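Here are some short exercises on helix geometry, burial and backbone angles, each with a worked solution. Have a look at the model first, then try each task before reading on.

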Amino acid sequence: MGIFGFFSKEKKESLDQGLQKSSENIFSKISKAVVGKSKVDDEVLDELEEILITSDVGVDTTIKVIRRIEERVAKDKYLSASELDVILREEVMGLLEENKSADLSDFDLPADKKPYVIMVVGVNGVGKTTTIGKLAHQFKAAGKTVVLGAADTFRAAAVDQLILWGERVGVPVVSHGMNTDPASVAFDTVKKGVEMNADVVIVDTAGRLHTKVNLMNELTKIKRVMQKFIDAAPHEILLVLDGSTGQNAFIQAKEFTKATEVSALAITKLDGTAKGGVVIGISDQFKIPVKYIGVGEKMTDLQVFNRKEFVDSLFKKK
């Protein structure tokens with residue numbers, strides 16, 4: 001059903017494929033729940049509740065969705081079981097809309113913020129550096145000038161990986177190597193972005209959760225030095241989460257939102273899991289908009305999040 005004028009057919013097919021495991025998991029269970037049922041009753045709703053929880057939507061968000069459906073059932077006593085998937089789509093879309101998860105169609109940037117500075121946070125192993133590389137590719141493909149900063153200086157692999165991504169994509173990377181001051185890297189990255197009149201500056205940061213106070217202090221310092229060049233920097237703090245970890249992604253989101261003011265989410269690795277419901281739960285529980293999702297290995301498989309298309313793919317009839 002997608003709005004192909006804005007959200008291309010290729011993107012939609014990639015999204016459908018990336019969410020296939022989650023979709024099959026959810027829809028096959030819903031189909032079984034309504035077999036032989038003429039209307040939505042308490043038994044159907046109980047089964048739907050279990051389906052959503054086991055799909056990593058999360059308990060609190062699931063209860064919210066079920067309550068909304070119950071209200072609709074109460075108004076229309078003859079609500080047919082065949083309509084359940086339609087109602088479910090509408091209520092999930094409503095939740096995502098409340099959490100300001102927009103229907104983005106492309107890798108756009110605010111015209112009044114140049115360079116637009118993104119600070120990327122997230123634990124090691126969630127696909128943070130890869131997400132930055134793919135973001136750089138997508139912004140460059142959209143005609144934007146990009147500068148990357150390797151401020152995750154506690155892991156040599158992170159610095160080296162970002163440099164490789166820079167070479168692969170063809171964008172400059174500011175790096176001082178391993179065990180150097182992350183704030184100094186961030187400072188020089190923003191400085192280079194200003195000097196180049198770049199459209200976007202993306203700064204990688206360390207993903208250590210075991211020392212929350214140090215992490216908070218480090219991120220605060222990085223923000224402070226960025227602001228020596230651009231008052232409002234960073235314009236966006238993007239938290240990268242691994243969708244395949246399910247409930248563990250909730251824990252990471254909780255810790256990072258304590259440590260810094262996360263303003264957007266990128267949820268990766270959705271293609272390898274049946275836990276796509278985690279996107280709905282995290283956005284709802286933390287009131288942070290989902291901005292990007294990873295649905296495959298290709299550069300173009302990092303997509304801007306479009307709630308209508310996401311819900312359509314997640315609850316797609318087979």
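## Exercise 1: The covered side of H2

In this predicted model, the buried residues of helix H2 are Ser22, Ser23, Asn25, Ile26, Phe27, Ile30, Ala33 and Val34.

**Task.** Which helices do the buried residues of H2 pack against, and what end-to-end span should H2 have at 1.5 Å a residue?

**Solution.**
- Step 1. Start with the partners: the buried residues of H2 pack against H3 (42-54), H5 and H12 (307-314).
- Step 2. Now the length. H2 covers residues 20-34, which is 15 residues. The expected span is 1.5 Å times one less than the number of residues, so H2 should span 21 Å.
- Step 3. Compare with the model: the end C-alpha atoms of H2 are 21 Å apart, which agrees.
- Step 4. Look just past the helix, where H2 is followed by Gly36 with a positive phi near 75°.

## Exercise 2: How H4 meets H5

**Task.** Classify the packing of H4 and H5 from the angle between them, and describe the residues in contact by class.

**Solution.**
- Step 1. Helix H4 (residues 59-75) and helix H5 (residues 84-98) have axes 10 Å apart and pack at about 125°.
- Step 2. Roughly perpendicular runs from 65 to 115 degrees, and roughly antiparallel starts over 145. H4 and H5 are therefore oblique to each other.
- Step 3. As for handedness, the crossing of H4 past H5 is right-handed.
- Step 4. On the H4 side, the contact is made by Thr61, Lys64, Val65, Arg68, Ile69 and Arg72. H5 contributes Leu84, Ile87, Leu88, Glu90, Glu91, Gly94, Leu95 and Glu98.
- Step 5. Sorted by class, this contact holds six nonpolar, two polar and six charged residues.

## Exercise 3: Burial along H6

**Task.** How many of the residues of H6 are buried, and what is the reach of H6 from first to last C-alpha?

**Solution.**
- Step 1. H6 (residues 128-141) reaches 20 Å from its first C-alpha to its last, close to the 20 Å expected for 14 residues.
- Step 2. Burial takes in 10 of the 14 residues, leaving H6 mostly covered.
- Step 3. The buried residues are Lys128, Thr129, Thr131, Ile132, Gly133, Lys134, Leu135, Ala136, Gln138 and Phe139.
- Step 4. Just after H6 comes Gly143, with a positive phi of about 90°.

## Exercise 4: Positive phi without glycine

**Task.** Asp56 and Lys269 are both worth checking. Is Asp56 buried or exposed, and how does Lys269 count at its relative accessibility?

**Solution.**
- Step 1. Asp56 has phi near 65°, a positive value in a residue other than glycine. Asp56 sits in the loop between H3 and H4.
- Step 2. Buried means under 20% relative accessible area. At 8%, Asp56 is therefore buried.
- Step 3. Lys269 is not a glycine, yet its phi is positive at about 60°. This residue belongs to the loop between S6 (264-268) and H11 (278-286).
- Step 4. With 33% relative accessibility, Lys269 counts as partly exposed.

## Exercise 5: Cis peptide bonds

**Task.** Where do Pro115 and Pro234 lie?

**Solution.**
- Step 1. The bond from Lys114 to Pro115 is cis, with omega near -5°. Pro115 is placed in the loop between H5 and S1 (116-121).
- Step 2. Ala233 and Pro234 are also joined by a cis peptide bond, with omega about -10°. Pro234 lies in the loop between H9 (212-226) and S5 (236-242).

Key:
Residues numbered from 1 in each chain as written. Predicted model: local features only at pLDDT ≥ 70, side-chain atom pairs only at ≥ 80, totals over all residues. Heavy atoms only, no water. Axes fitted to C-alpha atoms, helices over the stretch in contact; angles between N-to-C directions. Helix = DSSP H or I, 4+ residues; strand = E, 2+ residues; numbered from the N terminus. Parallel < 35°, antiparallel > 145°, perpendicular 65-115°, else oblique. Left-handed = near helix turned anticlockwise from the far one by under 90°. Contact = heavy atoms within 4.5 Å. Nonpolar A, V, L, I, M, F, W, Y, C, P; charged D, E, K, R; others polar. Buried < 20%, exposed > 50% of the residue type's maximum accessible area, 1.4 Å probe, protein only.
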